[in-house]
Amino acid sequence: MAALYLGLMLACASVCAFATWSIVLDLSQQRLSSVARGVLSHFAAMDREARRSLDTFNRQPDAFCSDAELEKLREEVFRTRYVKDVGRLRGDKLVCSGVLQRLATPRDIVRPDLETPGGLSVYASEPLLLARNSRAPILQAGEANAVLDPDALADEVLLGADYVAGYVGKDGRFLRLFGRSVPLEPGAILAGKAVDRGGTVFQPACDVEQSLCVTAALEKATIRETNLPLLAAGAILGGLLGLIVALLVDVARRRTRTLPARLKRALGDGRLDVLYQPVVALPERRVVGCEALVRWLDDTGQFVPPSVFIPVAEARGWVSDITELVLRRAVVDLAPLLSEQPGFHVNVNISVRDLRNGAFFSIVDDVCAEAGLPPSSVAFEVTEHATADRDATVSGLRLLRDRGHRIYLDDFGTGYSSLSYLGDLPVDAIKIDRGFTETFDHDSSKSAVLVQILELARQLDLDIVAEGVETERQVQWFQDRGVTRAQGWLFGRPMSGETFVSIVSSARDV
Ligand code: C2E
Ligand code: MG
Ligand code: MG
């Protein structure tokens with residue numbers, strides 16, 4: 001049982017932890033995607049501004065590096081947000097710029113790191129003249145170049161993920177201008193799809209027209225660390241869920257193992273047996289009938305006595321099913337005796353519930369008719385305490401008697417009001433309870449009551465059957481008091497139909 005609890009808790013905890021991790025990863029990917037798009041739009045704004053500056057000076061009507069143009073270059077540098085300087089080039093030399101003004105010695109221009117399909121030359125990180133020991137990205141088109149602010153995207157770090165921003169060249173290479181380098185090949189960057197590699201999630205985003213690409217990156221370890229409380233909550237929730245599931249499974253299992261559940265299954269599968277105990281005529285001890293007694297070996301092979309499961313069946317309203325099963329089984333098992341020996345009868349125990357169930361009477365009729373038996377072959381025993389519900393019992397018993405079945409009042413003497421209303425009950429015989437048979441010879445008060453019962457029965461013209469007869473002394477006692485029917489271990493224990501039929505048949509043949 002502990003294994004069930006532990007197993008389900010662990011299983012649910014891992015499933016929930018995994019589900020939470022998937023959700024966290026998905027959310028992180030969405031966040032990464034919005035970081036990538038944010039950086040890209042920032043980068044694109046910078047690119048647009050620089051291109052506009054380059055375009056403006058390439059089309060400038062003023063003379064190259066004239067005072068008028070220098071004035072405009074200064075103004076441009078002042079006006080722009082990302083462009084730190086705009087220079088004018090001629091013959092591979094920087095001649096003047098907004099910040100440096102006219103250079104005493106024009107500076108040589110080196111080959112660019114990359115050329116975009118749109119004709120932009122890109123320098124990733126050039127040493128600057130305007131601020132020694134400083135480097136910055138430079139874009140160049142025609143006879144103009146623009147120095148970009150190297151810290152333009154520094155604030156993007158605040159978005160909580162690493163990023164890289166740069167240009168894609170006409171040769172397909174990716175050139176990083178901003179951020180940390182990322183181990184992704186240009187093809188993967190241009191594809192724009194999330195990539196999970198080496199414990200890091202990468203999310204590229206590109207502006208293909210302007211050859212701009214950005215990739216945001218987040219290490220899974222960081223994702224795990226920042227979402228640790230959430231992941232722990234997921235696992236704990238899973239554990240609790242597992243506990244609830246285990247409890248439910250446990251309750252369901254216990255329920256199916258309860259006696260009513262097992263009995264219901266046995267009844268549904270017809271897994272009840274019927275044994276037969278002989279009833280003999282005294283003094284010759286000839287078998288004149290038998291009592292059908294139900295037996296239940298449950299699915300664990302354990303014998304459950306009828307005194308335990310019959311009350312359960314009565315309380316649950318299943319006793320009529322047991323009565324029907326016993327009745328049908330008895331008629332089949334005892335067919336040779338019942339049809340060949342006139343006056344031979346089988347007694348079937350019934351409950352008051354049967355008498356209140358209208359279908360019961362037609363079942364009895366059908367069973368007898370199908371077997372071709374007269375109603376006198378099947379008698380019914382009803383227990384005395386069950387006659388507490390008198391009206392229903394009396395009318396039900398009358399219906400059975402009217403059909404020709406004999407009625408035995410079972411376990412007589414154990415109830416409380418037996419003697420007072422015995423005369424009103426439509427019965428043919430009484431069965432003296434085993435308790436009396438056991439004790440009458442050493443309990444004088446009991447034997448006095450028993451004598452009274454026998455006298456009353458005789459006055460009412462009722463037959464008497466002594467139950468639970470185990471000794472010759474008991475036989476003698478009953479015989480001396482005119483009792484002519486007896487049942488008990490002395491004459492035979494409850495046995496299978498086959499055994500019973502063969503014993504009775506061989507005794508008859510002798
Ligand atoms: P009952 O109808 O009075 O059945 C007689 C009981 O006494 C049976 O117990 C029988 O095995 C036992 N018995 C017979 N002779 C002797 C004997 O010499 N000594 C001792 N010590 N016991 C003896 P069982 O089969 O355990 O049945 C107990 C009760 O369960 C029955 O009492 C009856 O009330 C009920 N029952 C049994 N079968 C059915 C059934 O098919 N339907 C219904 N509704 N109740 C049943
Ligand atoms: Mg009985
Ligand atoms: Mg009895």
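In this predicted model, the secondary structure of the protein amounts to 17 helices and 21 strands. The radius of gyration is 52 Å, whereas the globule rule gives 24 Å for 510 residues. The first value is well over the second, so the protein is more spread out than a compact globule. Along the principal axes, the C-alpha atoms fill a box of roughly 155 × 45 × 40 Å. Buried residues make up 35% of the 510. Among contacts between residues at least 6 apart in sequence, 61% join residues at least 24 apart.

Seven strands form an open sheet with antiparallel pairing. Their order is β3-β2-β1-β7-β6-β5-β4. The edges are held by β3 (101–108) and β4 (114–115). Each has a single partner strand, so one side of each is left without a neighbour in the sheet. For β4, two bridges lead to β5 (residues 121–127), and these strands run antiparallel. Within β5, Ser121 is the bridge partner of Glu115.

Two helices pack on this sheet. Helix α1 (residues 2–58) touches β1 (83–90), β6 (135–141) and β7 (144–148). The direction of α1 makes about 150 degrees with that of β7. Helix α2 (residues 67–79) also packs on the sheet, where it touches β1, β2 (93–97) and β3. The direction of α2 makes about 150 degrees with that of β1. Strand β1 is thus touched by α1 and by α2. The edge strand β3 is among the strands that α2 touches.

Note on methods:
Residues numbered from 1 in each chain as written. Chains lettered and ligands numbered in written order. Predicted model: local features only at pLDDT ≥ 70, side-chain atom pairs only at ≥ 80, totals over all residues. Helix = DSSP H or I, 4+ residues; strand = E, 2+ residues; numbered from the N terminus. Rg over C-alpha atoms; globule rule 2.2 N^0.38 Å. Buried ≥ 20, exposed ≤ 12 C-beta atoms within 10 Å, placed from the backbone. Contact = placed C-beta atoms within 7 Å. Pairing = 2+ DSSP bridges. Axes fitted to C-alpha atoms, helices over the stretch in contact; angles between N-to-C directions.
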